[in-house]
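Please read the following walk through a single chain with the coordinates open beside it. The text starts from a group of side chains and works outward.

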Amino acid sequence: MLTQKVFVVNHYLRRYIEMYQNFESLPPVLNADQVAATLGISRAGAYQLLHMESFPTLRIGKRMLVPKDKFIRWIDVNTGGIADGMGA
């Protein structure tokens, strides 16, 4: 049981480190697929975020995009500062 818990913690730690490294390589403006991949959520989940009033969505016609700097700031605010200084 303890081994399984350690494995789960290591898995999430690796994902956190990968996300940290990916912030710098993100494009200046993200689409729904890129938001989903970065957060490790489904495309439908990304679209739910894009429709939230509190999410920094940039609407251009029917397209919904997210500026990288505002995306990282949103993560920072909504995680209590975890993303602070991560490539922004």
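Which residues form one aromatic cluster? In this predicted model, the cluster is made of Phe55, Phe71 and Trp74.

The structure holds two aromatic pairs. A pair of aromatic rings is described by the distance of the centres and the angle of the planes. For Phe55 and Phe71, the ring centres are 6.3 Å apart and the planes stand at 75 degrees; with angles over 60 counted as edge-to-face, the pair is therefore edge-to-face. Phe55 sits in the loop between helix 3 and strand 2 (58-60), while Phe71 belongs to helix 4 (residues 68-78), so this pair ties together parts that are 16 residues apart in sequence. Phe55 and Phe71 are both buried.

Phe55 and Trp74 also make an edge-to-face aromatic pair, with 4.7 Å from centre to centre and 75 degrees between the planes. Because Phe55 is in the loop between helix 3 and strand 2 and Trp74 is in helix 4, the pair ties together parts that are 19 residues apart in sequence. Phe55 has a relative accessibility of 4% and so counts as buried. Trp74, with a relative accessible area of 16%, is buried as well.

The loop that holds Phe55 also contains Pro56, between helix 3 and strand 2. Pro56 counts as buried because its relative accessibility is 18%, and the cut-off for buried is under 20%. Setting aside neighbours within four places in sequence, Pro56 is in contact with Leu65, Val66, Pro67, Lys70, Phe71 and Trp74. Two members of the aromatic cluster, Phe71 and Trp74, are thus among the contacts of Pro56. From Pro56 to Ile72 the C-alpha distance is 10.0 Å, across 16 residues of sequence.

Helix 4 supplies further buried residues: Lys68, Phe71, Ile72, Trp74, Ile75 and Asp76. An α-helix has 3.6 residues a turn, so residues three or four places apart point the same way. Just after helix 4, Gly80 has a positive phi of about 70 degrees.

Next comes a helix pair. Two packed helices are described by the angle between their axes and the distance between the axes. Helix 2 (residues 32-39) packs against helix 3 (residues 43-51) at an angle of about 110 degrees, and the axes are 8 Å apart. That angle makes helix 2 roughly perpendicular to helix 3, since the range for this class is 65 to 115 degrees. On the helix 2 side the contact involves Ala32, Asp33, Val35, Ala36 and Leu39, and on the helix 3 side Arg43, Ala46, Tyr47, Leu49 and Leu50. By class, the contact has eight nonpolar, two charged and no polar residues.

For the chain as a whole, there are four helices and three strands, running α-β-α-α-β-β-α from the N terminus. Of its 88 residues, 31% count as buried. Among contacts with a separation of 6 or more, 43% join residues 24 or more positions apart.

How far can the coordinates be read, and where is confidence lowest and highest? The chain averages a pLDDT of 80, and 66% of the residues score at least 70. Confidence is lowest in helix 1 (residues 2-25), with a mean of 59, and highest in strand 3 (residues 63-67), at 98. Residues 84-88 have a pLDDT below 50, yet this stretch has ten contacts in the model beyond near neighbours in sequence. Where pLDDT is low, the predicted coordinates should not be read in detail.

Terms used
Residues are numbered from 1 along each chain as its sequence is written. Side-chain values use heavy atoms; hydrogens and water are left out. Axes are lines fitted to C-alpha atoms, for helices over the stretch in contact, and angles run from 0 to 180 degrees between N-to-C directions. Helices (H or I, at least four residues) and strands (E, at least two) are DSSP runs, numbered from the N terminus. Angles under 35 degrees count as roughly parallel, over 145 as roughly antiparallel, 65 to 115 as roughly perpendicular and the rest as oblique. Contact means heavy atoms within 4.5 Å. Ala, Val, Leu, Ile, Met, Phe, Trp, Tyr, Cys and Pro count as nonpolar, Asp, Glu, Lys and Arg as charged, and the others, Gly among them, as polar. Rings of Phe, Tyr and Trp (its six-membered ring) pair if their centres lie within 6.5 Å; planes under 30 degrees apart count as stacked, over 60 as edge-to-face and the rest as tilted. Buried means under 20% relative accessible area, exposed over 50%, partly exposed in between (1.4 Å probe, protein chains only). pLDDT is the predictor's confidence in each residue, from 0 to 100.
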